[in-house]
Amino acid sequence: MCLAIPGKVVSIQGDDPLMRAGKVSFGGVIKEVSLAYVPDVEIGQYVVVHVGFALSIVDEEEAEETLAYLEQLETTV
């Protein structure tokens with residue numbers, strides 16, 4: 001099973017689209033992520049991340065909803 005988590009882009013580095021990276025916040029935990037698959041992403045937007053790669057841009061409402069579901073799972077397990 002694959003699990004991709006939404007996070008908020010807080011910074012972006014690099015001009016080459018294939019080497020572009022960013023710092024993404026997952027509830028305050030900051031991780032460096034490849035942005036090669038989302039060349040149009042901007043600071044402040046949410047992305048879905050799997051194994052260090054941002055796979056798609058999602059709107060804030062969808063990201064918040066997903067994070068709330070994950071939080072519910074954490075409290076019921």
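Select strands E2 and E3, residues 29-34 for the latter; the two pair in the antiparallel sense over six bridges. Keep in mind that this is a predicted model.

Now pick Ser25. Across from Ser25 stands Ile30, in E3. Move on to the turn. E2 and E3 form a hairpin, with two residues between them. Click Gly27 in that turn: its phi is positive, about 60°.

Next, add strand E1, residues 5-13. E1 pairs with E2, residues 21-26, again in the antiparallel sense. Five bridges join this pair. Select Ile12 and look across to E2. Which residue stands opposite Ile12? Gly22 does.

Follow the chain from E1 towards E2 and stop at Asp16. Asp16 sits in the loop between these two strands. Is Asp16 buried or exposed? Neither: Asp16 is partly exposed, because its relative accessible area is 41%, and that label covers values between 20% and 50%. Now show Pro39 as well. Asp16 and Pro39 are 23 residues apart along the chain. Their C-alpha atoms are separated by 9.6 Å.

Last stop: the largest pocket. Select Leu3, Ile5, Leu67, Leu70, Glu71 and Glu74, which line the pocket. The space in the largest pocket comes to about 180 Å³. Now colour helix H1, residues 60-76. Helix H1 gives the most to this lining, with four residues. Then colour the lining by residue class. What does the lining of the largest pocket divide into? Four residues are nonpolar, two are charged and none is polar.

How values were computed
Residues numbered from 1 in each chain as written. Predicted model: local features only at pLDDT ≥ 70, side-chain atom pairs only at ≥ 80, totals over all residues. Heavy atoms only, no water. Pairing = 2+ DSSP bridges. 1 Å grid on protein atoms, 1.4 Å probe; cavity = no way out; pocket = protein on both sides within 12 Å on 5 of 7 lines; lining within 4 Å. Points joined across faces, edges and corners; volume = space filled by probe spheres on them. Nonpolar A, V, L, I, M, F, W, Y, C, P; charged D, E, K, R; others polar. Buried < 20%, exposed > 50% of the residue type's maximum accessible area, 1.4 Å probe, protein only.
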